[in-house]
Amino acid sequence: MTITKSYAAQNATDDLAPFTFERRAVGPHDVKFQILYCGVCHSDLHQVRNEWGGSVYPMVPGHEIVGRVLEVGSHVEKFKTGDLAGVGCLVDSCRECDNCKKGLEQFCRNGSTGTYNSKDKHTGGVTYGGYSSEIVVDESFVLKVAETLPLEAVAPLLCAGITTYSPLRHWKVGKGHKVAVVGLGGLGHMAIKFAASFGAEVTMLSTSPSKELDAKHLGAHHFALTKDPEQLKSLMGKFDFIIDTVSAQHNYNDYLQMLNTDGVMVCVGAPPTPSEIMAFSLIGGRRSLAGSLIGGLPETQEMLDYCAEHNIVSDVEVIKMSQINEAYERMLKGDVRYRFVIDMATL
Ligand code: NAP
Ligand code: ZN
Ligand code: ZN
């Protein structure tokens, strides 16, 4: 057991504050690593504030984790002390069901184990995430991280990266496709980078006029302000694929109508409240509305390797651990360019 420093939420309303707990001893298949950086995902905020329900306190959030290996168990093959390592949203699954066998651990029939706020079979308690000094994870759920990229900018790939990479790959988005990204935050900026890298023509759909220049720098070919009805109208029937990363309730029908014949819109954003969908938004043009959840372990490694090869990282603002509550407030206002990452040395 190791005493581990962290920041935790004690309930849905108070600020996160320092908290100490014990990590399990390193088992034969475990990797223990010192956390150097942890990204701040909007899902952390949803869960800290119990917006999705089911939150357990104290909660140590954080699922965009990178660091250096301190110790490995006797049966560990992929890692040795001193290696870089990463952990995303999952730390375990049954590994036996059809989905696990296909590398779709996020859809484990028996329930995958989240990096935080999940039942922890080792301790009998709850899992604690990456706003902490170190972590112990079974090597099957630890990712290899390249030495060549800036580590703080790699951290967000573990959630924002894979969550946007996976649906773009699943729906085979590439050259000749017109793609729209809705919402320019952590997920949105990675969606632009991947879609552009795969050869698509990318349009950013944003509520923030101040983000236009950034969107273009990130690789978007066009920018439209969704608050302007005239701009919305000009986009009707235009896109083959839309990826919606918006964190709050909004009108999906506005975007569905922008799909071309047989177009697909994928929701990755997870607003806590339901929205109405008009059948007519789908019927005309045989359009599809779909969803996607992070990505499995093999695809997460594939994405990290792709990023290393193509020099793709997140655009980050590095913060101190003590700035986390302020960062949440800024994230709520859409004021993040484009991912907060905590420097864990400040814990
Ligand atoms: P984020 O950085 O806060 O970005 C969300 C963006 O959505 C904002 O920057 C803003 O962009 C736009 N937005 C916010 N409120 C809006 C509103 N009322 N109407 C229209 N647009 C609005 O959040 P994130 O970390 O990228 O996460 C986005 C969502 O994805 C969250 O709900 C999160 O829980 C979810 N998520 C899902 C998965 C998955 O596996 N499916 C994984 C990770 C996260 P503009 O300023 O450009 O409008
Ligand atoms: Zn996330
Ligand atoms: Zn399974």
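# Group meeting talk: two zinc sites, salt bridges and some backbone oddities

Hi everyone, let me start at the surface: F280 is exposed, with a relative accessible area of 66%. F280 sits in helix α9, which covers residues 279-283. Together with M278 and I283, F280 makes a nonpolar surface patch of about 370 Å². Before I go on, please keep in mind that this is a predicted model.

Now to the metals. Which residues hold the zinc ion that is ligand 3? The donors are the SG atoms of C94, C97, C100 and C108, at 2.3 to 2.4 Å. The angles among the 4 donor atoms run from 102 to 121 degrees, and the site is tetrahedral. If you like sequence patterns, the spacing here is C-x2-C-x2-C-x7-C. How covered are these cysteines? I have two of them for you: C94 is partly exposed at 23% relative accessible area, while C100 is buried at 8%.

Close by in sequence numbering, we also have a salt bridge to look at. D92 pairs with R95, and their closest N and O atoms are 2.7 Å apart. D92 counts as buried, with 7% relative accessibility, whereas R95 is partly exposed at 34%.

The other zinc ion I want to show is ligand 2. Its coordination comes from C41 through SG, H63 through NE2 and C159 through SG, at 2.0 to 2.3 Å. Along the chain, those donor residues are spaced C-x21-H-x95-C. H63 and C159 link distant parts of the chain, 96 residues apart. H63 belongs to the loop between α1 (42-48) and β4 (65-72), and C159 to the loop between α3 (151-154) and α4 (160-170). Both H63 and C159 are buried.

While we are in that α1 to β4 loop, have a look at P58, which is found there too. The peptide bond from Y57 to P58 is cis, with omega near -5 degrees. There is another cis bond to check on your screens: the one from R337 to Y338, with omega near -15 degrees. Y338 is in the loop between α11 (324-332) and β17.

That brings us to R339, which lies in strand β17, residues 339-343. Is R339 buried or exposed? R339 is buried, with a relative accessible area of 3%. And what does the side chain of R339 contact? There is a polar contact with the side chain of E64, at 2.8 Å.

Let's go back to salt bridges. How many are there in the model? The count comes to 19. I'll pick out some of them. E212 and K216 meet in a salt bridge at 3.3 Å, N to O. Both of these residues are in helix α6 (residues 212-218), 4 residues apart, which is about one turn of the helix. E212 is partly exposed at 34% relative accessible area, and K216 is partly exposed as well, at 36%.

The pair D262 and R286 is a nice example to set beside that. Their side chains meet at 2.6 Å, N to O. D262 lies in strand β14 (residues 259-267) and R286 in the loop between α9 and β15 (288-291), so the salt bridge ties together parts that are 24 residues apart in sequence. D262 is partly exposed, at 41% relative accessibility, and R286 is exposed, at 60%. R286 also has a backbone feature worth a look: a positive phi of about 50 degrees, although it is not a glycine.

K172 is another non-glycine residue with a positive phi, near 50 degrees. K172 lies in the loop between α4 and β10 (178-182) and counts as exposed, at 65% relative accessibility.

For those who like networks, D214, E317, R330, D335 and R337 are linked through salt bridges. R337 is the residue we met a moment ago, at the start of the cis bond to Y338.

One last stop: S314, in the loop between α10 (297-310) and β16 (316-319). S314 is buried, with a relative accessible area of 4%. How far is S314 from G129 in space? The C-alpha to C-alpha distance is 20 Å, and the two are 185 residues apart in sequence.

That's my tour, thanks for listening!

Definitions and conventions: Residues numbered from 1 in each chain as written. Chains lettered and ligands numbered in written order. Predicted model: local features only at pLDDT ≥ 70, side-chain atom pairs only at ≥ 80, totals over all residues. Heavy atoms only, no water. Patch = residues over 30% accessible without salt bridge, like charges linked within 9 Å, V, L, I, M, F, W, Y side chains within 5 Å. Areas by Shrake-Rupley, 256 points an atom, 1.4 Å probe, with all protein chains shown as cover. Salt bridge = Lys/Arg side-chain N within 4 Å of Asp/Glu carboxyl O. Helix = DSSP H or I, 4+ residues; strand = E, 2+ residues; numbered from the N terminus. Buried < 20%, exposed > 50% of the residue type's maximum accessible area, 1.4 Å probe, protein only. Polar contact = N/O pair within 3.5 Å; in protein donor to acceptor, adjacent residues only side chain to side chain. Donors = N, O, S within 2.8 Å, 3.2 Å for Na, K, Ca; no water. Tetrahedral: all angles 85-135°; square planar, octahedral: opposite > 155°, others 65-115°.
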